[in-house]
Amino acid sequence: MRRPLFGREDARVLSRTIPGLCVALGLALIGSAAHTRSAQSQTVSALSHLPSITQPVAVRNMAARPTIGWVRFCEQNPEECAVDLSEPATIELAPKVWQTLVRINRQVNGSIKAAADKDHWGVEDRWDFAEDGYGDCEDYQLVKRRLLVEAGFPRRALRMTVVIDQVGDGHAVMMVRTDRGDYILDNRRNSVLPWHQTGYTYVKREADGGSAWAPLGGVGSPAATAGR
């Protein structure tokens, strides 16, 4: 006579156990689905806090001379001016990347005291890292760029840029090239703005390589950047 796979006692145990397992499995599946929905919701929420996609600044197909302050800075810090063409020219503006840009912009703006080059160094246009806690516009941006590179950002996507401000003075900012457009880190504001919302006229920025910069179609090229 063939024996049954389960005896009566086994059947009673299974009849009590299987419904419990089914309930537990169902709850686990529901919890997993809820976790997935929560993660998706957090991703959507994070993306909603990113700036809108904008067109990058137009670059003219010719060369521009960098300021004399940049030339001297590169002579003293050649590694800061070298461009690695294997690095990406733009970065993906993910939520964590955006948060890092905003944080470092605000942090550096609050850690350096504004001082014109003439008062600070006795010269009209000197680019430096503000290691003594004082500096003007380009010095703020050089410190930001160094911190961003240390945080893993490609230097090639972080372009020092010369602009003309609303009163006609030369000014230096840092342009961050992203897949959502070009954004500006500025010592005059803690907000990181798309280039076209700053009110500046864009003159030129670092090019992909070599000593020449790339012109951006401004109305003129200041001989030096402003001291504020």
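Let me begin with one contact in this predicted model: Arg146 lies over the face of Phe129, with 4.1 Å to the ring centre. There is a second arrangement of this kind, in which Arg126 lies over the face of Trp121, at 3.6 Å from the ring centre. Phe129 also belongs to a cluster that ring pairs build from Trp70, Phe73, Trp127, Phe129 and Trp213.

Before going further, a word on confidence. The chain has a mean pLDDT of 81, and 74% of its residues reach 70 or more. Over residues 21-25 the pLDDT stays under 50, and the model shows zero contacts for them beyond four places in sequence. Residues 219-224 are also below 50, although that stretch has 14 contacts in the model beyond near neighbours in sequence. Where pLDDT is low, the predicted coordinates should not be read in detail.

Two members of the ring cluster, Trp70 and Phe73, bring us to helix H2, which spans residues 68-76 and whose buried residues are Gly69, Trp70, Phe73 and Cys74. These residues are on the same side of H2, because the arc they cover around the axis is only 130 degrees. Glu75 and Gln76, on the other side of H2, are exposed. As for what covers the buried residues of H2, the list includes H3, helix H6 (137-150), strand S3 (158-164), strand S7 (201-206) and strand S8 (213-215). Phe73 itself, leaving out residues up to four places away in sequence, touches Glu80, Cys81, Trp127, Phe129, Leu142 and Arg145.

Which residues touch the most other members of the largest nonpolar core? Among its 34 residues, they are Trp70, Phe73, Leu101 and Leu148. At least two residues of this core come from each of H2, H4, H6, S3, S4 and strand S5 (181-186), and H4 supplies the largest share, namely five residues. Another core, of eight residues, lies apart from it and includes Val173, Met175, Tyr202 and Leu216.

Turning to aromatic pairs, a search of the whole structure finds seven. The pair of Trp98 and Tyr183 is edge-to-face, because the ring planes stand at 75 degrees, with the centres 5.8 Å apart. This pair links distant parts of the chain, since Trp98 is in helix H4 and Tyr183 in strand S5, 85 residues apart; both residues are buried. Trp195 and Tyr202 form an edge-to-face pair as well, with 5.6 Å centre to centre and 90 degrees between the planes. Tyr202 counts as buried because its relative accessibility is 4%.

I would like to finish with two individual positions. Met174 is found in strand S4, residues 170-178, and counts as buried because its relative accessibility is 0%. Its contacts, not counting residues up to four places away in sequence, are Gln141, Lys144, Arg145, Leu148, Leu158, Arg159, Tyr183, Ile184 and Leu185. The C-alpha atoms of Met174 and Cys137 are separated by 9.7 Å, with the two positions 37 residues apart along the chain counted as their separation.

Is Ala89 buried, exposed or partly exposed? Ala89 is partly exposed, with a relative accessible area of 23%, and its place is in the loop between helix H3 (78-81) and helix H4 (95-111). Leaving aside neighbours within four places in sequence, Ala89 is in contact with Arg156, Ala157, Arg159 and Arg177. Ala89 and Arg156 are 67 residues apart in sequence, yet 5.5 Å apart in space, C-alpha to C-alpha.

Notes: Residues are numbered from 1 along each chain as its sequence is written. This is a predicted model: local features need pLDDT of at least 70, side-chain atom pairs count only at pLDDT 80 or more; totals for chains, interfaces and linings use all residues. Side-chain values use heavy atoms; hydrogens and water are left out. pLDDT is the predictor's confidence in each residue, from 0 to 100. Contact means heavy atoms within 4.5 Å. Helices (H or I, at least four residues) and strands (E, at least two) are DSSP runs, numbered from the N terminus. Buried means under 20% relative accessible area, exposed over 50%, partly exposed in between (1.4 Å probe, protein chains only). The arc is that of the directions from the helix axis to the C-beta atoms. A nonpolar core is a set of buried Ala, Val, Leu, Ile, Met, Phe, Trp, Tyr and Cys residues joined through side-chain atoms within 4.5 Å. Rings of Phe, Tyr and Trp (its six-membered ring) pair if their centres lie within 6.5 Å; planes under 30 degrees apart count as stacked, over 60 as edge-to-face and the rest as tilted. A charge sits over a ring if NZ of Lys or CZ of Arg is within 6 Å of the ring centre and within 35 degrees of the ring normal.
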